[in-house]
Structure formats: structure tokens, C-alpha cells
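Trainee: I've got a structure open and I'd like to go through the labels people put on it. Can you help me see where they come from?
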Amino acid sequence: MSIVSRGFHGRREPAAADLPPGQYLTRDFPVLQAGPTPRVDLDTWQFTISNEAGAKYTWSWRELLALPSEKTTTDIHCVTRWSKLGTTWQGVSLDTLFADVETAADHALVHSYGGYTTNLPLEDLLDGKAWIAYRFEGEDLTPDHGGPARLLVPHLYFWKSAKWVTRIDLLNDDEPGFWEQLGYHNYGDPWREQRYTDD
Amino acid sequence: MFIDGNGAAGVFAEALGVDITTAVITCAGCGAGGRFAESHVYDHGPGVVARCATCESVLARIVRTPTDAWLDLRGARSVRIPLPAEGADASS
């Protein structure tokens, strides 16, 4: 029996159970990107949902900000193995944006300013699971973290939360995105450690 | 936030067995040619992305998984790799 007390901790450290398998905790917010940071003019910024019939539903920056916003506090998990707990975001729920979108499609391909893409099932964007986020920890989202607005889908690895989001195409057939084409898992559930294609 | 192509030499050499840095890549986007070493490499992410120094189009991408290298060269119109002259005898 140990006689060494572990002491009293005033602030609880996250238990390993708070982290998906293979992840480590970071208090920083690492910047990961596959190209230069796009500088997006808010006067020309657009977000479009295009359904499988080609119909487009488009919002300007001003129209996006006029929609009801939500605050959410959530953990985020990067496939490069860092996790950050308790991050707070503000943005518009995809449920709000999809309210008037007519679709029977099952798949979504997300496009960003700068050319990045990522794919996911449409159902993973709905029912309170995804947002177009434009504020982080109470401040406007900075360009290096995806500002003016990024997709936030925190239940999947963070490469699915596309920075600088500008369009979501709804598709009848799945189409792999930038990293999904090149060895990364098509779905990317961190709790099932779906990092690579064969995981 | 990019490094030059020399910083990606190792991962390409592991997959291809050649020194990619001396290869001349012609961009499929703008047609500019240049040594891979001069490309703009973004390596802080799930994979390594080399972009054209002229137009920033993607030239090449590589991902190293625990078991495989995945390579995409669709952004290169051509890849010119220097070889020893045919018939040259290095021992003479």
C-alpha cells in the first residue's frame, strides 16, 4: 500500500477516458493547413448549399449573421493526435441553413476557399451536430483557424471541420475529399480511431 | 507557413527511392516549371502538400500511413528526374 499521497489537485486534469484512443491533450490550438491562408473579403463572402438537382441556396456574410446563432462548448480531436477539450464556438447550426433545402441526397462534399474539400454523410451535418462557426472563445475566428467562417463537426476528426468554408454540394453518390482520396478514412470517427482508409 | 521542397525530401525518397528535390516539376495549373526544391511545401497537416511557387496550385501530395505511402501527382504535368547518362560507367 502506498504511503505517498498524490496530493490535492485544485483543478481536475482530464482523465484518459476523456480522450479518444491514441490522442494526447494540448492546451494550444495548433494551426494545420495544406496551403496558403485565403484572405476572404466579407463583402464578397458567400456560403452556398447546392442540392443534387443543382438548386442553390446562398447566404451573404450579412445574411449569415442575421440568422439565429448558437454557442456550443465541445472537445475537438485532430487526426494528427492532438485533442483540445472544452472549446467554445459560436455560429449558425446547419439545421437552420438546411431548413428550406429540398434534398433526398445522402452525401455531402464540403468546399473551402482555397480549394480544400472534405466529404461526410449528410446526416452528420444535421440534428444539432454541425455549425458554420464564426467565433471562437468569444472572438472573431481568425484566418489561420478558418475565419471568417469554418465548418464545425466536432464528433468527427477535425479535418472534416473545413476551414474557410464556402459551399456544400449534396450528392447522390459519395465523393472523397482532399485527404479522404489519399489514405485517410472516409468517415473519421475519433472514438473508433478511424484515421486511415483501412481502419 | 510553408517550407521549401528540401523539407519534403525524406518522405518522397522513402516512397519513390529517388531524390525528388532535383526533379523538375511542370505545374499542370499554370505550366511553370521549376525544381521541386523550390516548391512551397506545407507539412503541418495530415499529409505533405507541395505547391507551385508561381501559382500555388497543388503539385504533389503524399501521406505516410503506418503501412503505406499514398502519392498524388495529378498537379504535375510532368516530372523530369535527372538520371546518370545512359551507358556511363561510374567505375571508369
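Mentor: Sure. Start with this pair: A:F136 has A:E139 as its bridge partner in β9(A). Keep in mind that the model is predicted.

Trainee: How do you know that β8(A) and β9(A) pair, and which way do they run?

Mentor: Pairing takes at least two bridges between the strands. β8(A) and β9(A), residues 139-140, are joined by 2 bridges and run antiparallel, so they meet the cut-off.

Trainee: What links those two strands along the chain?

Mentor: They form a hairpin with 2 residues between them. In the turn, A:E137 has a positive phi of about 50°.

Trainee: Why is A:E139 called exposed?

Mentor: The label needs a relative accessible area over 50%. A:E139 comes out at 55%, so it is exposed. That residue is found in strand β9 of chain A.

Trainee: And what makes β8(A) largely enclosed by the rest of the structure?

Mentor: Buried means under 20% relative accessible area. In β8(A), residues 131-136, 5 of the 6 residues are buried, so the strand is largely enclosed.

Trainee: Which residue of β10(A) stands opposite A:I132, and how do you know that the strands pair?

Mentor: A:I132 stands opposite A:L151. β8(A) and β10(A), residues 150-152, share 3 bridges and run antiparallel. At least two are needed, so they count as paired.

Trainee: How many bridges join β5(A) to β8(A)?

Mentor: There are 5, with β5(A), residues 82-93, antiparallel to β8(A). A:S93 has A:W131 of β8(A) as its bridge partner.

Conventions:
Residues are numbered from 1 along each chain as its sequence is written. Chains are lettered from A and ligands numbered from 1 in the order in which they are written. This is a predicted model: local features need pLDDT of at least 70, side-chain atom pairs count only at pLDDT 80 or more; totals for chains, interfaces and linings use all residues. Side-chain values use heavy atoms; hydrogens and water are left out. Buried means under 20% relative accessible area, exposed over 50%, partly exposed in between (1.4 Å probe, protein chains only). Helices (H or I, at least four residues) and strands (E, at least two) are DSSP runs, numbered from the N terminus.
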